[in-house]
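Open the model in your viewer and keep the selection panel handy. We will take it one stop at a time.

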Amino acid sequence: MLAPDILLAAVLNGLMTGAVYALVAVGLTLVYGVLHIINFAHGAILSAAMFAAYFASLAGVDPYIALIGLAPLFFAAGYAAQRLIISPASHGDDQNVLLVTLGLSIVIENVLLTAFHSDTRSIDVPYGFASVDLGFAFLPLPRVVAFAVACVVSAALWIGLHHTDTGKAIRAVAKERYGATLVGIDVAHVYAVTFGIGAACLAIAACLLLPSYYVNPRVGEAYVLVAFTVVVFGGMGSVPGALIGGLMIGVIESLTGLFFGESLGQLGIFVLFIVMLLLRPTGLFGARA
Amino acid sequence: MTHGLDSKWTRRRFLAASSGGAAMLAAPSYLRAQAAPIKVGILQPLTGALAFDGQQGLMGSEAAIKVINDAGGIKSLGGAKLEMAQGDARSTPDGGNAEVERLNSDGVVAIVGGFASPICLAATQAASRYDLPYIVDVGVTDAIVQRGLKNTFRFAPGFGVVSRTALDNLVKLNDAAGKPAKTVVLVHEDGLFGSGLAKLLQAELPNRGFDILDTIAHPTPARDMSNVALQIKAKNPDLLIPSSYYGEFVLLARTMQQQRIKPKGIYSILNGAASNFRFLKEFPEAAQYVMDCNHWWDPRKEAAQALRKEVEAQGKFFTYNTALNYSCVLLLADALERAASTDRAKITEALASSTFAGHIMPYGPTRFGDGQNQGAAPVNLQVQGNDIKVIFPDAFADAKPVFPVPA
Amino acid sequence: MSAPRAFAPILMILALGAALPFVTSSNIILNGMVTTLIVALAGYGWNLLGGYGGQFSFGHAAFFGTGAYACALLQQRCGVNAWVAFASAITIGGGVGFIIGYLSFRSGLRGSYFALVTLAFAEVFRIVVNASSFFNGAAGVLLELDARPGNFQFASRAAYYEVALGLVGVALLSTRALERSRLGAYLVAVRENENAAKALGVDTLKTKLQAISLSAAFTAAAGAFYVQYFLFINPELGFGASISIEALLAPIIGGLGTAFGPLVGAVALHELGELTQWLLGSLPGADMALFGVFLVLIIAFARGGILGLLSRLGRGVHGMAGEVMP
C-alpha cells in the first residue's frame with residue numbers, strides 16, 4: 001500500500017513534468033489552431049533547441065540565461081521555416097503540410113545525428129542537485145523552475161493573444177482566415193509569427209529541460225507524442241486547454257506509472273490519446289475542431 | 001556457369017572454386033617477399049542509433065590491425081598484412097545483412113563485429129551462407145550461438161554467463177562485508193536486457209537470501225525517473241539493482257541524489273552507464289561507488305593500458321567494446337597464423353580449436369564450445385574516485401570493493 | 001484503357017525483373033533488390049489507402065509488424081507450416097487494418113487526425129508487444145534456420161528475389177485492377193471530395209474500410225516476407241517509426257496514387273541511400289537527411305513524384321505513369 005505522502009509527491013512530480021509537456025504542447029496547439037496543420041517537425045525542433053542550449057552551456061552560458069537569446073533565435077528560425085519552406089512547398093494543401101513537416105523532422109533529426117552522433121549528453125549545473133525541502137518530499141530545483149516558467153509563459157501567451165494587436169490578428173486568422181484577409185491582416189505573416197511562437201516555446205522548454213534531462217538527436221520524440229496527446233486532450237487550438245491538459249497528463253502519467261509500472265504509464269497515455277481522438281476529437285476544452 | 005532459380009549448387013561449387021582459388025593465389029605469394037594483403041571484414045553500426053558504439057568498436061579493430069601489421073603481419077602467410085574492409089550495419093539487421101553480402105564479395109577471409117544482438121543474429125546467418133567465419137564482438141543474446149551455425153564464434157560472455165556471475169559475485173561481496181544487505185529493489189528497462197535480467201533475478205535472488213521488495217520497470221526513453229526514485233525511497237532497500245541504458249541510469253542516479261536516497265549499495269548488471277567514463281566525468285558525485293557487472297578489459301595487461309592511453313590521447317572515452325574488438329581481431333590473426341591459409345574452412349577450424357591467450361580481456365585462454373568462448377566472463381567494477389576499478393574476480397582486481405557505501 | 005494496354009506494361013516489367021538473376025549472380029545486387037522490394041510492397045499497401053483514397057496513415061508499421069509477428073509466432077508457437085503462416089499473417093494483417101479503420105473512420109477521423117491516430121496505434125502495438133511475454137517481449141522472435149522451399153526459406157538469394165518480385169507483381173496487378181474497378185473510382189471520389197462522394201450515394205465508410213483492409217494486408221505481406229527473409233523480428237523492427245516512414249516515402253517519391261509509384265520510389269530510395277553512402281561514407285544520418293530533403297522537394301516541385309516528372313517530360317511513359325495525382 002502506498003503512503004499518502006508518496007501519492008502527494010507523485011502528484012507534485014506529475015504537475016512539474018506536466019508543465020513542461022504543456023509548454024511543448026502550447027506551440028503545437030497554437031499552430032494547429034491558427035494554421036489548421038499538425039507540425040510533425042515539433043519534436044525535431046525541440047531536439048535542435050536542446051542541442052543549442054547544450055552548446056550554450058558548454059560555452060559557459062547557463063541554460064536559464066541562454067533562454068533569453070535562444071527564444072528569439074528560434075522564433076526567427078520558425079518564422080523563416082514557415083515563410084520560406086513550409087508554406088511555399090505545401091501549396092496551401094493541409095496534407096502536403098503534414099508531409100513537408102514530416103520531411104523537415106527527418107532532415108533536422110538526421111542532420112543532428114550527422115553533426116553530433118548519437119551519444120547521449122548531459123550538463124552539470126551548480127544547482128542541478130539543489131532541491132526544495134517540503135518536509136515530506138524533495139522537489140528538485142530545476143524542475144520547480146521549469147514548472148514556474150512554463151506556467152508564466154503559458155499565461156503570458158494567453159494574455160498576449162487577447163490583449164495585443166498581433167495576438168488579436170492571430171485569433172482573427174484562427175477564427176476566419178478569409179475574413180481576416182478582407183480586413184487587411186497579412187495572413188502569411190500571421191502564420192509565420194504563429195509558427196515562430198511555437199518554435200520559441202520549444203526553445204524555452206529546451207532550456208528548462210536541460211538542467212535535469214539529457215540530450216540526443218532523438219530526444220524530442222519522447223516529448224512530441226505526449227504533446228500530441230496533450231493537444232488533443234486540451235482541445236486542438238486552445239492555449240488554456242494545453243496548459244490544463246499538460247498538467248493533467250503529467251499527473252495521470254505519474255499516477256498510472258506509480259500504480260501500474262512506468263512502461264504501462266506511457267501506454268496509458270497513448271490509449272487515452274486514441275480514445276480521445278475516437279470519442280471526442282474536439283478535446284475536453286476545445287469548442288472548434 | 002548456369003544461372004537461375006536453382007543456383008544453389010552452382011553457387012556452392014563456385015564458392016568452393018573461388019576459395020580454392022584464393023588459397024592457390026596465397027600459395028605463390030608465400031614465396032614473394034611481400035605477400036598480398038588479407039582482407040578482414042569489420043562490421044559495425046557506424047551510422048544510425050548505435051553509431052557511437054559502432055565507432056568505439058571500429059577504433060579497437062583499427063588499433064589491433066595496426067599492431068599486427070607493425071609486428072610483421074601474418075608470418076605463416078609470408079608476412080601478409082591485414083587490410084580492413086569496413087562495413088556499416090546502419091544500426092539495423094537489414095544493414096548488417098547487406099554489408100555481409102558486400103564484404104563477402106570483396107573477398108574478406110572473416111568478419112568481426114556486429115555489436116547489437118539483432119545485427120549479430122542477421123549478420124552471422126548471412127555469413128553462414130558462405131561458410132564465412134564470423135567473430136561476434138558483443139551481442140549478448142545467447143540465441144546467437146544456439147542456432148548451430150558452424151561459422152559463428154562469440155568471444156565475449158553471453159547473457160546467461162553474465163547474470164550468473166553477477167549473482168555469484170553479489171553473494172560473495174555481501175558475505176565478505178558481513179551480510180549488510182538483505183533487501184533489494186530491482187529497477188530495469190523494459191527491453192531485452194532489463195526484462196530478461198529481472199525475470200532471472202526474481203527467480204534467483206530469494207534462493208540466495210535476498211528479499212526483493214519491489215521490481216520497477218521503466219521504458220526507454222523515460223522522460224522522468226522521479227516516480228521510480230519515490231518508490232525506491234518508500235521501500236528503502238539495502239541494495240538497488242538497476243539495469244538500464246545510459247540516459248535512463250544517469251537520470252535515475254541524478255534523481256536519487258536530488259531526493260537524497262542512499263542505499264548501502266548500487267549493484268548494476270550490464271548497465272549502460274555505471275561502467276562508462278563519460279558518466280563518471282560528468283557526474284562524479286552521482287557515480288561514486290556505483291558497482292556494475294559488465295564486459296571489461298584486464299587492467300593488469302600492459303597492452304590494455306597502452307590502448308587505453310592511446311584512445312584517451314585522442315580525446316575519446318575508452319569503452320569495453322573497443323577492448324573487445326581489439327581482442328577479437330587479435331584472435332582472428334592468431335587463427336590465420338595457425339591455419340597458414342586464407343581458406344575459410346581452415347580458418348573456421350583454427351578458430352574452433354583456438355587457445356589464444358594474447359588478448360586484453362580478463363578471460364584466460366580462449367576455448368570455443370559450440371561457438372561460445374567458454375573462458376569468457378564478465379567482471380565486477382566499481383567507481384572509486386576518478387576511475388573505474390575492477391573489484392571481482394580477485395585474479396583481475398585492481399581495487400578492493402567499498403561496500404557498504406560510506407554514508 | 002483496354003485491358004491489354006493496362007496490364008501489358010506491368011507484365012513486361014515483371015518479366016524483365018524476373019530475368020535479373022539470369023543476368024547477374026551478384027548477391028549484393030539481389031539482396032539489395034529484395035530489401036527494396038520489401039519496402040515497395042509495404043509502399044503498395046500504403047498507396048492503396050493514401051494514394052488512391054487520400055487517407056494518409058503515419059502508422060503503417062502497425063500492419064507490417066502484425067504481419068511479421070503473426071507469421072513468426074504461428075510457426076514458432078503453433079507449428080504451422082510457413083506458407084500457411086504467411087497466408088494467415090496477410091489475413092490477420094487485413095483484419096487488424098479493418099478494426100483500426102472501423103474505429104477511426106466511424107468516428108469520422110480524416111486528415112491530420114487520421115495520421116495521428118494511426119501513429120498512436122502503431123506505438124501502442126509496439127509498447128504492448130515489447131512488454132508482453134506472449135510476444136516474447138523485447139527479445140523478439142527468432143525463426144529456426146532451415147532452408148527448404150517447403151519452409152518458405154531458400155538457400156539462394158535469387159529464389160527470395162523471385163518470390164519478392166512475385167509478391168510485388170501481385171500488388172502491382174491488384175493496384176491496376178483497383179484503378180479499373182468500381183471500388184477504385186469510389187476511392188478516388190473520396191480522396192477528391194468526401195462530402196461530394198457521399199452526396200452522390202457512395203458508401204464512403206465501406207469504401208474506406210475495404211481500402212484500409214487491402215492496404216493493411218499488403219503491408220502485412222511485406223512484414224511476413226521480412227520475417228521469412230531475416231528469420232528475426234523484434235518490436236522496434238516491426239512496429240518502429242522507420243517502417244511507417246519508408247512505407248509512405250516510397251509511393252510519394254515514386255508517384256502518389258499510381259500503379260508503378262511505390263516500386264519506382266522504393267528503387268529510388270535504395271539507390272539514393274547507396275549513393276549517399278558511397279559519396280559521404282559513414283556519416284551517421286546523412287542518407288536519411290537526404291531522404292527528408294527529397295521528400296520536401298518532391299512535394300514542393302513535383303507532387304506527382306518521379307513518375308509525374310517523367311510523364312510531364314514526355315507522354316511516352318504515360319501508360320506507365322497511369323493516373324497521376326494533380
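Start by selecting chain C and colouring by secondary structure: 16 helices and two strands should appear. Keep in mind that this is a predicted model.

Now zoom out until all of chain C fits on screen. Its C-alpha atoms fill a box of roughly 50 × 50 × 40 Å along the principal axes. The radius of gyration of chain C is 19 Å, which agrees with the value near 20 Å for a compact globule of 326 residues. Colour by burial next, and 62% of the 326 residues in chain C come out as buried. Turn on contacts as well: of those in chain C with a separation of 6 or more, 75% join residues 24 or more positions apart.

Next, add chain A and look at where it meets chain C. Here 34 residues of chain A are in contact with 31 residues of chain C. On the chain A side, the elements giving two or more residues are α3 (63-90), α4 (94-116), α9 (219-234) and α11 (262-279). Highlight α4(A), as it supplies the largest share, 14 residues. By class, this side of chain A has 23 nonpolar, ten polar and one charged residue.

For the last stop, show helix α3 of chain B (residues 93-105) with helix α3 of chain C (residues 27-52). How do their axes cross? They come within 9 Å at roughly 165°, so α3(B) runs roughly antiparallel to α3(C). The crossing of α3(B) and α3(C) is left-handed. Show side chains where the two helices meet: among them are B:Asp94, B:Glu101 and B:Arg102 in α3(B), and C:Asn27, C:Asn31 and C:Thr35 in α3(C). This contact has two nonpolar, six polar and three charged residues.

Definitions and conventions. Residues numbered from 1 in each chain as written. Chains lettered and ligands numbered in written order. Predicted model: local features only at pLDDT ≥ 70, side-chain atom pairs only at ≥ 80, totals over all residues. Helix = DSSP H or I, 4+ residues; strand = E, 2+ residues; numbered from the N terminus. Rg over C-alpha atoms; globule rule 2.2 N^0.38 Å. Buried ≥ 20, exposed ≤ 12 C-beta atoms within 10 Å, placed from the backbone. Contact = placed C-beta atoms within 7 Å. Nonpolar A, V, L, I, M, F, W, Y, C, P; charged D, E, K, R; others polar. Axes fitted to C-alpha atoms, helices over the stretch in contact; angles between N-to-C directions. Parallel < 35°, antiparallel > 145°, perpendicular 65-115°, else oblique. Left-handed = near helix turned anticlockwise from the far one by under 90°.
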